[in-house]
Amino acid sequence: MIDAAVLDRLGLSDLPEGERRLVAGALRIVDLPPGTTVFSPGSLCAGWIMVEEGSVRVVMTSDTGREILLYRVGAGESCALTTACLFGEDPYAATGMTEVATRAVLIPAATVFRLIEMSDAFRKMVFKGFGHRITDILHTMEDAVFHPLDARLAALLLDRAGPDGTVTATQAELAAELGSVREVVTRKLGKLSDAGILERQRGTIRVMKPEGLRQIRMSDQ
């Protein structure tokens, strides 16, 4: 039987006792190392996925190889694409990959459908999470379409920079988060480097003048 603390971390502890027992008896815990593909385009959905610890990034890839980050699934969150594929009975159209060591749980489809029918609390939780994630995706699309890349890149670097100013990310990863292509992001980073705002190293970027990035970010306000 699954420990009650697991259900609490997943936000399932408020379910009635009978429904908690049903979930606890059916869910399966999976430990995944960094870089593990959780799902990929064309694969079928076996059940509802929630992340207990860690992070999964969900990326869509075009025929030309261009990537865009749709969203991340963090601790206590469910995957909107999994929810859509489960209830729409469609295969996945994007890739989910762990960013760090991740512990996830899978509730089999049959159990999910039974809970949706019998539990108001579970049904509200599923669709509330789905609605919030769709809003996140719309914000991502809005940024990609309506806001300049320079400002979005500056904001991303400021957000990802550690206490010492280090951003641990490849240029391809930054491009995916921005919905751009690596070559364009590389040119933008080159200009920032020439201006002394940052230093580029293999796999990392060091922000030297955060005030310069803030000015660029504010130019879109």
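Start by selecting leucine 198 and valine 207: valine 207, in β10, is the bridge partner of leucine 198. Keep in mind as you go that this is a predicted model.

Now widen the selection to the two strands around that pair. Strand β9 covers residues 198-201 and pairs with β10 in the antiparallel sense, over 4 bridges. Follow the chain from β9 into β10 and you cross a hairpin with 2 residues between the strands. Stop at glycine 203 there and check its backbone: its phi is positive, near 80 degrees.

Next, add residues 166-168 to the view. This is strand β8, which pairs with β10 (residues 204-207) in the antiparallel sense through 3 bridges. Which residue of β10 is the bridge partner of threonine 168? Select threonine 204 and you have it. You now have β10 on screen with two antiparallel pairings, one to β8 and one to β9.

Time to move to another sheet. Select 28-32, 102-108 and 47-53. The first and last of these ranges are β1 and β3, while residues 102-108 make up β7. Together they form an open sheet of 3 strands in the order β1-β7-β3, with antiparallel pairing. β1 and β3 are the edge strands, each pairing on one side only. Turn the view to look across the strands and you can follow the twist, which averages 30 degrees from one strand to the next.

Stay with β3 and β7 for a moment. How many bridges join β3 to β7? There are 6, and the two strands run antiparallel. To pick out one of the residue pairs, select glycine 47 and proline 108: proline 108, in β7, is the bridge partner of glycine 47. If you switch on hydrogen bonds, it helps to recall that strands of a sheet pair through backbone hydrogen bonds, either parallel or antiparallel.

Finally, zoom out and show the whole chain. A cartoon view takes in 9 helices and 10 strands. The C-alpha trace spans about 60 × 35 × 30 Å along its principal axes. Try colouring by burial: of the 221 residues, 40% count as buried. If you draw contacts between residues at least 6 apart in sequence, 69% of them join residues at least 24 apart.

Switch to a surface for the last stop. The chain exposes about 11,800 Å², with carbon and sulfur atoms supplying 53% of that area. Then colour by charge: there are 25 positive and 29 negative side chains, and the centres of the two sets lie 4 Å apart.

Definitions and conventions:
Residues numbered from 1 in each chain as written. Predicted model: local features only at pLDDT ≥ 70, side-chain atom pairs only at ≥ 80, totals over all residues. Heavy atoms only, no water. Pairing = 2+ DSSP bridges. Axes fitted to C-alpha atoms, helices over the stretch in contact; angles between N-to-C directions. Buried < 20%, exposed > 50% of the residue type's maximum accessible area, 1.4 Å probe, protein only. Contact = heavy atoms within 4.5 Å. Areas by Shrake-Rupley, 256 points an atom, 1.4 Å probe, with all protein chains shown as cover. Lys, Arg positive; Asp, Glu negative; His and termini not counted. Charge placed at Lys NZ, Arg CZ, Asp CG, Glu CD.
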